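Let's go through this one by asking how each label was earned. Here comes the structure.

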Amino acid sequence: MEQRTFNTQFTLFENINDLPSEDFNLMQSARNAIANSYAPYSQFHVGAAILLANGKIVTGNNQENAAYPSGMCAERVAIWAASSQYPNEVVKKIAISVKSSIKMVEKPVSPCGACRQTLLEYEVKQKEPIEVFFTGEVGIVVKAHSLVDLLPFAFDQSFL
Ligand code: THU
C-alpha cells in the first residue's frame with residue numbers, strides 16, 4: 001500500500017483591485033457579461049470571460065431553461081463560443097464572477113465539475129495551462145494556475 005497526496009497550488013487576491021491590470025480587465029469583462037445572463041429560475045447570474053492568445057476576449061453567461069438540465073453554465077457557453085469562433089487560438093485565462101438576486105455572494109464561486117472537465121479538454125488540446133480566476137460578487141479572488149489543479153484524476157483522451 002502507498003499513500004499519495006495531490007498538491008494543489010493557488011493564489012489568493014484580497015479583491016479584484018489587487019489583480020494585475022490584464023486580469024482585472026478580464027474580471028471586469030466577466031462581470032459585464034453577467035448582465036446578459038438568463039437565470040429566471042435560480043436568480044444566480046454568472047459571467048465568464050476568456051482571454052485568447054490573440055488578445056481577444058470572448059464572454060459567456062449562464063442560460064437557463066424551463067427544462068432545467070437543458071440550461072448551460074457561463075463557463076461552457078464562453079469556452080464553446082471561443083472555440084467555435086477561434087478554433088486554433090490558445091486559451092490563456094478564464095475569469096468567472098457572479099451576482100445573485102437572492103443574496104450577496106461573498107465566497108468565490110468555483111466552476112462546477114462539468115465545466116472543469118470541459119475546460120480541461122482545451123488545456124490538454126493546446127498543451128498549455130489555462131489560468132482560472134474566480135470570485136463572488138465581492139471579496140477574494142482565487143487564481144488556479146491550471147485546470148489540472150482544479151480537477152485531480154481528470155479523464156482525458158489518453159484513456160481512449
Ligand atoms: N452556474 C454556472 O453558470 N457556472 C457554474 O460553474 C456553476 C453554476 C449556473 C448554472 C445555473 O444557471 C445557476 O448557476 C445555478 O446553478
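A: To start with a term we need right away, a polar contact is a pair of N or O atoms within 3.5 Å; within protein, one must be able to donate a hydrogen and the other to accept it, and residues adjacent in sequence count only if both atoms are side-chain atoms. Keep in mind that this is a predicted model, where local features need pLDDT of at least 70, side-chain atom pairs count only at pLDDT 80 or more, and totals for chains, interfaces and linings use all residues. Residues are numbered from 1 along each chain as its sequence is written, and side-chain values use heavy atoms, with hydrogens and water left out.

Q: What makes the pair of Asn 62 and the ligand a polar contact?
A: A polar side-chain atom of Asn 62 sits 2.9 Å from an oxygen atom of the ligand. The limit is 3.5 Å, so the pair counts. Backbone atoms join in too: a polar one of Ala 74 is 2.9 Å from a ligand oxygen, and a polar one of Cys 112 is 3.0 Å from a ligand oxygen.

Q: How much of the ligand's accessible area does the protein cover?
A: On its own the ligand has 370 Å² of accessible area, and the protein covers 76% of that. Such areas come from the Shrake-Rupley method with a 1.4 Å probe; for residues, only the protein chains shown count as cover.

Q: Which residues are around the ligand, and how do you know that they belong there?
A: A residue is near a molecule or strand if one of its heavy atoms lies within 4 Å of it. Among those that pass are Ser 42, Phe 44, Glu 64, Ser 110 and Pro 111. The elements giving two or more residues to this shell are E2 and H2. Those letters come from DSSP runs: helices are H or I with at least four residues, strands are E with at least two, and both are numbered from the N terminus.

Q: How do you know whether the span of helix H2 fits its number of residues?
A: The expected span is 1.5 Å times one less than the number of residues. H2 (residues 74-85) has 12 residues and reaches 16 Å from its first C-alpha to its last, close to the 16 Å expected. Helix H3 also agrees: its 14 residues should span 20 Å, and its end C-alpha atoms are 20 Å apart.

Q: What covers the buried residues of H2?
A: The cover includes strand E2 (44-52), strand E3 (57-61), strand E4 (91-100) and helix H3 (113-126). For H3, the cover of its buried residues includes H2, E4 and H4.

Q: Why is Asn 61 called buried?
A: Buried means under 20% relative accessible area, exposed over 50%, and partly exposed in between (1.4 Å probe, protein chains only). Asn 61 has 10%, so it is buried. This residue lies in strand E3. Its side chain reaches the backbone oxygen of Ala 33 at 3.0 Å and makes a polar contact of 2.6 Å with the side chain of Gln 63.

Q: How many disulfides are there, and why?
A: The count is zero. A disulfide is a pair of cysteine sulfur atoms within 2.5 Å. For Cys 73, the nearest cysteine sulfur is that of Cys 115, 3.8 Å away, so Cys 73 is in no disulfide. For Cys 115, the nearest is that of Cys 112 at 3.7 Å, so Cys 115 is in none either.

Q: Is Cys 73 buried or partly exposed, and what about Cys 115?
A: Cys 73 has a relative accessible area of 24%, which makes it partly exposed. Cys 115 has 0%, so it is buried.

Q: What makes the phi of Lys 127 worth a mention?
A: Most residues other than glycine have a negative phi. Lys 127 has a positive value, near 55°, and is not a glycine. It comes just after H3, in the loop between H3 and E5. Its relative accessible area is 74%, so Lys 127 is exposed.

Q: What about the phi of Phe 153?
A: Phe 153 has a positive phi too, about 60°, although it is not a glycine. You'll find Phe 153 in the segment after helix H4 (147-150). At 77% relative accessibility, it counts as exposed.

Key: Contact = heavy atoms within 4.5 Å.
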